[in-house]
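Hello,

Here is the model we talked about passing on. Please open it first; my notes follow below.

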Amino acid sequence: MEYNQYASFPKDFLWGGSTSAYQVEGAYNEDGKGLSVQDTKEVVPGTTDFKVASDHYHRYKEDIALFAEMGFKAYRFSIAWSRVIPNGTGEVNEKGIEFYSKLIDECLSYGIEPIVTMYHFDLPEALNKIGAWSAKETSDAFVEYARVLFERLGDKVNYWLTINEQNMMILHGAAIGTVNDKVSNVKKDLYQQNHYMLLAQATVMKMCHDLCPHAKIGPAPNISEVYPETSNPKDFIAAQNLNAIRNWLYLDVAVYGRYNPIALAYLKDRGYAPEITAEDLEVFKAGKPDFIAFNYYNTSTAAHSSLSDGVVGPEDGDQQIELGEKGVYKAVYNSYLERTNFNWEIDPVGFRATLRSVYERYGLPIIITEDGLGEYDELTDGKKVHDQYRIDYLSNEISEMKLAISDGVEVFGFCPWSAIDLISTHSGVKKRYGFIYVDRDEFDLKELKRYKKDSFYWYQKLIATNGEQLS
Ligand code: BG6
């Protein structure tokens, strides 16, 4: 749609940036922190572990001062569950509470709104040992952990996010580490894990409303609109299939309190469906989100696949798109889109499309909790980082978000990935996303000094003009 007049960003729009605990904090075993699955998992060869990361734990004051200098209105970070409850359940680590309390106070002292993710891929190792999310006990432990957060930190937090990218943990379990090797039917187990997470999430959303009536809470999946590869009606059905099992399955339960019908038909047919009791549906109905947070990096493209298909994904050996599934959809690269140096598709217009779809479907206010460009940044001899490619990427995304606002989509914040350089989930230090360069290499920690990239100054101007000055 083109308009005669376009909307501006709302006056109190939450411009900010995102991080997650295990990727930025370091101090993996300090001050009573228990180990998480990120500390115990096998490190991808050639990349670093998360033990020191960007050392945000010790340098958070310096980092937040830099965020304030950029003009951040919000900082989205996650709490490390095992820093607060080292064994996942039971005793609370006072030092952990103290750290997050101070971090939040530091944000508030600059007028930065803390947007707090409760759980971002870093399950306490102690819970992993009892079966991770395959065990109902983990779901109960999450609810107990959430209660501690609401009771101890709730008075100063206005925005909570439950679980980061639950859908990626289920769909890409092998890459993220949620696959349970001890079970015979891995996919059935993953969807059982999913069900327990959904129950925990709904319980926690209700608890938030009961204990912290001033606060708002929402889920934080990774959402990407799905295109059909062609106008062949069969490709369109494939796109709907992927939309149902990748996106709507998760948000339909959170918002409508029921499984998406197409996703459920698929789960039942393949023998992956969890048992859904009448009590479960009551739990879903009682806990509703106030907003939807989602992470966006790119769209997906699907082609028809039949049950007899051999290949359901691209054969280029470096697949950075969905996996494909026989009789459901074939994952294809979109020939209209360029890709990053890490082979991720770039699709700003798809960002607008995704925002429109989510808002049309759920009608809830939206905040973007991740979006960004992972690149090989270079620190020059003069200690500069000329990341014009990141500026271009983000200004295109923001332009399209502005168009979505003109389309009537209610967006109240944008927190790109990442506020500061951190360790990429799969690619180590070499894949950087931040506005602030952290001077360390994969294995040489150097002094971990911070340097402002060109994108820092660009974002500072953009925020100062409330999104008007894009380039
Ligand atoms: C999101 C995650 O999926 O993508 C982040 O929430 C992650 O934790 C980000 O870092 C980018 O992915 P990657 O693999 O480039 O680090």
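Cysteines first. This is a predicted model, and the disulfide count comes to zero. The cut-off is a pair of cysteine sulfur atoms within 2.5 Å. C212 is in no disulfide. Its nearest cysteine sulfur belongs to C208 and sits 5.2 Å away, so that pair is not within the 2.5 Å limit. C212 is also buried, with a relative accessible area of 2%. C415 is in no disulfide either. There the nearest cysteine sulfur is that of C107, 11 Å away. C415 is buried too, and its relative accessible area is 0%.

Now the ligand. What surrounds it? The ligand has 15 residues around it. The closest are Q23, E165, T425, K431 and Y433. By type, the shell divides into five nonpolar, seven polar and three charged residues.

Three side chains make polar contacts with ligand oxygen atoms, listed here one by one:

- Q23: a polar side-chain atom lies 2.8 Å from an oxygen atom of the ligand.
- E370: a polar side-chain atom lies 2.9 Å from an oxygen atom of the ligand.
- K431: an N or O atom of the side chain is 2.6 Å from a ligand oxygen atom.

How much of the ligand does the protein bury? Taken alone, the ligand exposes 380 Å². The protein buries 94% of that. As for the site, the ligand takes up the space of the largest pocket.

When you look, start with Q23 and K431, which are both among the closest residues. Then turn to C212 and C415, both in no disulfide.

Best wishes

Methods
Residues are numbered from 1 along each chain as its sequence is written. This is a predicted model: local features need pLDDT of at least 70, side-chain atom pairs count only at pLDDT 80 or more; totals for chains, interfaces and linings use all residues. Side-chain values use heavy atoms; hydrogens and water are left out. A residue is near a molecule or strand if one of its heavy atoms lies within 4 Å of it. A polar contact is a pair of N or O atoms within 3.5 Å; within protein, one must be able to donate a hydrogen and the other to accept it, and residues adjacent in sequence count only if both atoms are side-chain atoms. Accessible areas come from the Shrake-Rupley method with a 1.4 Å probe; for residues, only the protein chains shown count as cover. On a 1 Å grid over the protein atoms alone, a cavity is a set of points where a 1.4 Å probe fits but cannot get out, and a pocket is an open set with protein on both sides within 12 Å along at least five of seven lines; lining residues have an atom within 4 Å of a point. A molecule sits in a cavity or pocket if more than half of its atoms lie within 2 Å of its grid points. Ala, Val, Leu, Ile, Met, Phe, Trp, Tyr, Cys and Pro count as nonpolar, Asp, Glu, Lys and Arg as charged, and the others, Gly among them, as polar. Buried means under 20% relative accessible area, exposed over 50%, partly exposed in between (1.4 Å probe, protein chains only).
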